[in-house]
Amino acid sequence: MSWGSLRLRLVAGGLVAILIALTIAGAGLTLLFERHVTRTIGDDLDVYLKQLVAGIDADAQGRLVVGRPPTDPRFADPLSGLYWQVSDDGGQVVRSRSLWDTALDLPQDEPSPGELHRHVIPGPADARLLVSERRVLLTLGGRRAPVRVAVAADFARVSAAAAHFARDLALALGVLGLALAAATSIQVGLGLRPLDALRRGVADVRSGQRRHLPADVPTEVKPLVEEVNSLIDAQEREIERSRSRAADLAHGLKTPLAALAADVALLRQRGEQDVAQAIEAVGETMSRHVDRELARARARGTARQRGGVSTPLRPLVQSLMRMLERTPAVQRLELETCITGEPSVPLDRTDLAEVLGNLLENAARHARSQVRISSDAAKPAITVEDDGPGIAPAERSRVHERGVRLDERGEGAGLGLAIVQDVLSAYGWQLVLADSELGGLKAIVAPEVSGDRMAAAG
C-alpha cells in the first residue's frame, strides 16, 4: 500500500495513537506504582516509629536509652538501608547499629508533640533516605525535654521495585499494543468495507451491469451515493439530448446532400465532369461525417446501457460475408472465415456490425486476393486480415497519440477506421493494427489492454 491509501493512513494513525497512549499509560502507571511503594514504606516506617517511641527511656543519670528497639534485623546490619535515631536538645544521640559511625542529618524542623513529619534527606553511602519523624517530651534528669525520634529507609528499594514493575509492565503493554494494533486493523477494514462496496458499485456502473449505485449503504456514505446517482441520471439525460441533437443534425443534412447529389447528376449530363466530381467528393465526405457522428452517438447511448448485451459472432459474420460477396469489388477476392467454437462479443449487434462491416470493407478495398476474419471462443478478440499493402509501422504507432485521428492517414486507413475506434471506445474495447501473416494489415478488435501486448499476442 502506498501512502495515498486511506487504509494505510488510518492504520498508521491508529498505531501512532496507540503508541502514544501506551507510553503515557506506562509512565503514569510506573509513577503511580512508585508512589504506592513509597506510601507502603512510609507506613512501615510509622510502625517502626511507634515501636521506637514505646521503647525510649532515661537511665538514673538522665541519659537517653532505647530499651526495646524495633525488632527488624536490618537495624542491626551496617548500612542495610533501614535506620533509626533518637536525639534530644542537649546533644544526646542514640542510633541504630545500621548507621555504623554516621548519623542522620535531620533538617531543622519543630514538629508539634505527637505530629508526624516526613522528609527526604541524604544518607550513608550517598543514598537518598525517606525519613519519618516525631517529637515527644520525656523527663530527663528531672526536666521535661523534647526528643526527636526518626526512622529512615533507603529510596533504592523504591527505585528497584519501580524498575522491576516497569519491565513487567512494558511486556504487558507490548502484548496489549499488538492486540490493539490488530483490533485497529480489523476496525479500519470494517469501516472501509462500505467504500469497497461503493467501488465495486462504480465498477458495475461502468461495465453496464447496473445503472445506479446500491442504496443500502451506511448513513455516512448515503449522501455521496445519492449525489453520484443523481449525476448518473443527469449524464444519461445529457447523452440522450446529445444523441437527439446529433440525429436531428444528421437528418437535417440528408435532404441538402440528396439535393446536392441531384445537382451532380445534372452537371454530369451537361458535360461538366470536373465540377461534378469535386462536388460529389465534398458530398461524400459530408455524408461519411454524418454517418460517423450518428454511429458515435448511437454507440455512446447503447454502451451506457449495455448490461447483459452479448452478440453471437458466427451468425453476424456469415450475414456480413453474404452482403460483402454481392459487391462487384469482392468478386475477385477469396473470403475466409475462421471461427473456433461459438464466441459471443459483449457489444450491441448493430454496433458490432458497424465495426466489422467497416473493417471488412476496408480490407476488401485494399486486398489483392484474400481477406480473412477469425476468432476463438477461448479468446476475447476478433481479427480481420488482408494481403494488401498494409500500413507502415511508423504510421500505425500514431494511433496511440493524443489528438491523432485514424482518418488522417495517407496510406488508406480512412474514416471507417475512425468510426470503428469510436464505437469500440464506448464499450471499453480497442482497435490494434499489426502485420498480417497474409502480408497485409491485421486489424485486432479486443478489450482494452496494452497495444504492444495485443499486437504481440496477435
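The side chains of R314 and E342 form a salt bridge, with N and O 3.1 Å apart. R314 sits in helix 5 (residues 313–325), whereas E342 sits in the loop between strand 9 (334–340) and strand 10 (344–345), so the bridge ties together parts 28 residues apart in sequence. R314 is partly exposed, at 24% relative accessibility. E342 is exposed, with a relative accessible area of 56%. The model described here is predicted.

## Salt bridges

The structure holds eight salt bridges. Side chains of opposite charge can pair when their charged atoms come close. Three pairs are set out below.

| Pair | N to O distance | Relative accessibility |
|---|---|---|
| R314 and E342 | 3.1 Å | R314 24%, E342 56% |
| D46 and R118 | 2.8 Å | D46 18%, R118 40% |
| D196 and R200 | 2.4 Å | D196 31%, R200 42% |

Take D46 and R118, whose side chains meet in a salt bridge at 2.8 Å, N to O. This pair links distant parts of the chain. D46 belongs to helix 1 (residues 6–55) and R118 to strand 5, 72 residues apart. D46 counts as buried because its relative accessibility is 18%, and buried means under 20%. R118, with a relative accessible area of 40%, is partly exposed.

The pair D196 and R200 is a local one by sequence: the two residues are four apart in helix 2 (residues 156–207). That spacing puts about one helical turn between them. Their closest N and O atoms are 2.4 Å apart. D196 is partly exposed at 31%. R200 is also partly exposed, at 42%.

Return to the pair in helix 5 and the loop after strand 9, R314 and E342. Is E342 buried or exposed? E342 is exposed, at 56% relative accessible area. Elsewhere, D196, R199 and R200 are joined into one network by salt bridges that share partners.

## The antiparallel sheet

One open sheet has five strands in the order 4-3-7-6-5, and its pairing is antiparallel. Which strands stand at the edges? They are strand 4 (93–95) and strand 5 (116–122). Each has a single partner strand, so one side of each is left without a neighbour in the sheet. From one strand to the next, the twist averages 25°.

Strand 5 pairs with strand 6 (residues 128–140) over seven bridges, in the antiparallel sense. Within this pairing, L116 stands opposite R134 of strand 6. V120 has L130 of strand 6 as its bridge partner. The two strands form a hairpin with five residues between them. In the turn, A125 has a positive phi of about 55°.

Strand 6 also runs antiparallel to strand 7 (residues 143–154), joined to it by 12 bridges. Here L130 stands opposite A153 of strand 7. L130 is thus flanked in the sheet: V120 is its bridge partner from strand 5, and A153 faces it from strand 7. In a regular strand the side chains alternate between the two faces of the sheet.

Strand 5 also carries R118, the partner of D46 from helix 1. The salt bridge therefore connects helix 1 to an edge strand of this sheet.

## The mixed sheet

A second open sheet has five strands in the order 9-11-12-14-13, with mixed pairing. Strand 9 and strand 13 are its edge strands, each pairing on one side only. Neighbouring strands are turned by 15° against each other on average, direction ignored.

Strand 9 and strand 11 (residues 370–376) pair in the parallel sense over seven bridges. C338 stands opposite S374 of strand 11.

Two helices contact this sheet. Helix 6 (residues 349–366) packs on it, touching strand 11, strand 12, strand 13 and strand 14. The direction of helix 6 makes about 30° with that of strand 12. Helix 5 lies across strand 9, strand 11 and strand 12 (379–386). Relative to strand 9, helix 5 runs at about 180°. Helix 5 is also the home of R314.

## S436 in its loop

S436 lies in the loop between strand 13 (429–435) and strand 14 (441–447). S436 counts as buried, at 10% relative accessibility. What does S436 contact, leaving aside its neighbours within four places in sequence? The residues are E385, D386, L441 and K442.

Technical notes. Residues numbered from 1 in each chain as written. Predicted model: local features only at pLDDT ≥ 70, side-chain atom pairs only at ≥ 80, totals over all residues. Heavy atoms only, no water. Pairing = 2+ DSSP bridges. Axes fitted to C-alpha atoms, helices over the stretch in contact; angles between N-to-C directions. Salt bridge = Lys/Arg side-chain N within 4 Å of Asp/Glu carboxyl O. Buried < 20%, exposed > 50% of the residue type's maximum accessible area, 1.4 Å probe, protein only. Contact = heavy atoms within 4.5 Å.
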